[in-house]
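Thanks for coming. I'll put the structure up and then walk through a few parts of it.

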Amino acid sequence: MKDNYISTPELNPMFGDSDMILDDLVRHFLILGETGSGKTYSAVQPLLKGVLKGIKNTNGKGYKTSLLIIDPKQNELTRYAQFQMTKSDQETRLTYIDKKKRINFFEGLDSMSIRDKADRICEFSDSFSASTANSHNQEFAEFAMAFFLDILECDEVVRSKSENEDVANLWELLELEVPGINIHSDHSYMQNMKSLLVYISKDVKKVCMCLKKIFEEYKLPVPSTILQQSGYGSRLIEQFFYQKQYFDLLFKDYCSPDYEAFIFLDPFDCEIKKEQQAISIRDMILQNKILVFAPDETVNKHVSNCVGMLIKSLYFKYSLETYKERLQTNTFVFYVCDEFQRFVTCDDETGEQSFLDRCRAYNIACI
């Protein structure tokens, strides 16, 4: 008798069987076809229906299921999942990533070094990554990344100095000491970074000398990339605007209102707080929730791609990290994505190539 399978009678003509056992599911499904050929209706939806109905088994201790659904195309899968869950009276399992509930970019990564956090921010900026991959001016991209890291490291020092009771972070320090700068502690982290770069751009030499003086007064490490070279004739100063072009690519992604509506990004705030209205992906997996990202047509397509890639990456990360806990509760993970080519990542930990190879051992199936 079969054990641990999902029922997919609609796919019987294709597979020669009405049921799909878990050993086959963890080998994944890649469904290809021309536009309008019915991929979603004829293949993805029947598999999703089987998953939503649950894994069947004979010993009464069947697997629970946790899902991530990424649905960028007219909410086809979302409406289908809603219908199936309503029919089975399980609507409470559905959790939507939207402008009311955001994802924390650095959830659970508090122990990550600030250098790795800076790399992660650059890595998940689609605009920045695409530009630097084919750049003839890689040197300026590296200077931009180095300056970005310098600022983060300075902020880290400010936050660690207990004697600076008037300022809790770098942004409060600059807001206090620099007249006319458009920085506020209640702005997003990347918005403040953008405001700092805009302010420097007004008069690079003069502003850098001013910032250098402030840093020295507060006994902070002066960033080596530009502030220590604030004298006239400095090559880095003269070519600052070439570096800023690469910052602008980061800001294009992370300072978009659409992006900020879905993602909370602060490298020094890695824990989920109730007031942030943020979703813990780790909790969603362990609570057998169905997590849905289905941006509507008002969301910029480029931004929805960036957000989707990050969500998928975090979901993969926590699917692996929670394996032992899932083993105890018999929880199986599914990732279902329409137009999946829009959400492919290449990082070492959760890029498709490295991740899919491990799925068979971690009770994860991808469609």
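Let me start with one pairing: which residue stands opposite Ile-290 in strand 8? It is Leu-67. Keep in mind throughout that this is a predicted model.

Leu-67 brings us to strand 3, which covers residues 64-70. Six of its seven residues are buried, so the rest of the structure largely encloses strand 3. Strand 3 pairs in the parallel sense with strand 8, residues 290-293, over four bridges. It also runs parallel to strand 9, residues 331-337, and seven bridges join those two. In that second pairing, Ser-66 stands opposite Val-333 of strand 9.

Next, another sheet. This one is open, has three strands in the order 6-5-7, and its pairing is parallel. Strand 6, at 263-264, and strand 7, at 278-279, are the edges; each has a single partner strand, so one side of each has no neighbour in the sheet. Strand 5, residues 102-104, pairs with strand 6 over two bridges in the parallel sense. If you want a residue to look for, Ile-103 is opposite Ile-263 in strand 6.

Now the helices. Helix 7 spans residues 138-160, which is 23 residues. From first C-alpha to last it reaches 33 Å, close to the 33 Å expected at 1.5 Å a residue. Its buried residues include the phenylalanines Phe-140, Phe-147 and Phe-148. Asp-150 and Asp-155 are also buried in helix 7, as is Cys-154.

How do helix 8 and helix 10 cross? Helix 8 is residues 170-177 and helix 10 is residues 204-217; their axes come within 12 Å and cross at roughly 115°. The crossing is right-handed. On the helix 8 side, the contact is made by Leu-170, Leu-173, Leu-174 and Glu-177, and on the helix 10 side by Leu-211, Ile-214 and Phe-215. By type, that contact has six nonpolar residues, no polar ones and one charged.

Last, the whole protein. There are 17 helices and ten strands. The C-alpha atoms fill a box of roughly 80 × 45 × 35 Å along the principal axes. Of the 367 residues, 51% are buried. Taking contacts between residues at least 6 apart in sequence, 72% join residues at least 24 apart.

That is what I have; questions are welcome.

Key:
Residues are numbered from 1 along each chain as its sequence is written. This is a predicted model: local features need pLDDT of at least 70, side-chain atom pairs count only at pLDDT 80 or more; totals for chains, interfaces and linings use all residues. Side-chain values use heavy atoms; hydrogens and water are left out. Axes are lines fitted to C-alpha atoms, for helices over the stretch in contact, and angles run from 0 to 180 degrees between N-to-C directions. A crossing is left-handed if the near helix is turned anticlockwise from the far one by less than a right angle, and right-handed if clockwise. Contact means heavy atoms within 4.5 Å. Ala, Val, Leu, Ile, Met, Phe, Trp, Tyr, Cys and Pro count as nonpolar, Asp, Glu, Lys and Arg as charged, and the others, Gly among them, as polar. The expected span of a helix is 1.5 Å times one less than its number of residues. Buried means under 20% relative accessible area, exposed over 50%, partly exposed in between (1.4 Å probe, protein chains only). Two strands pair if DSSP finds at least two bridges between them.
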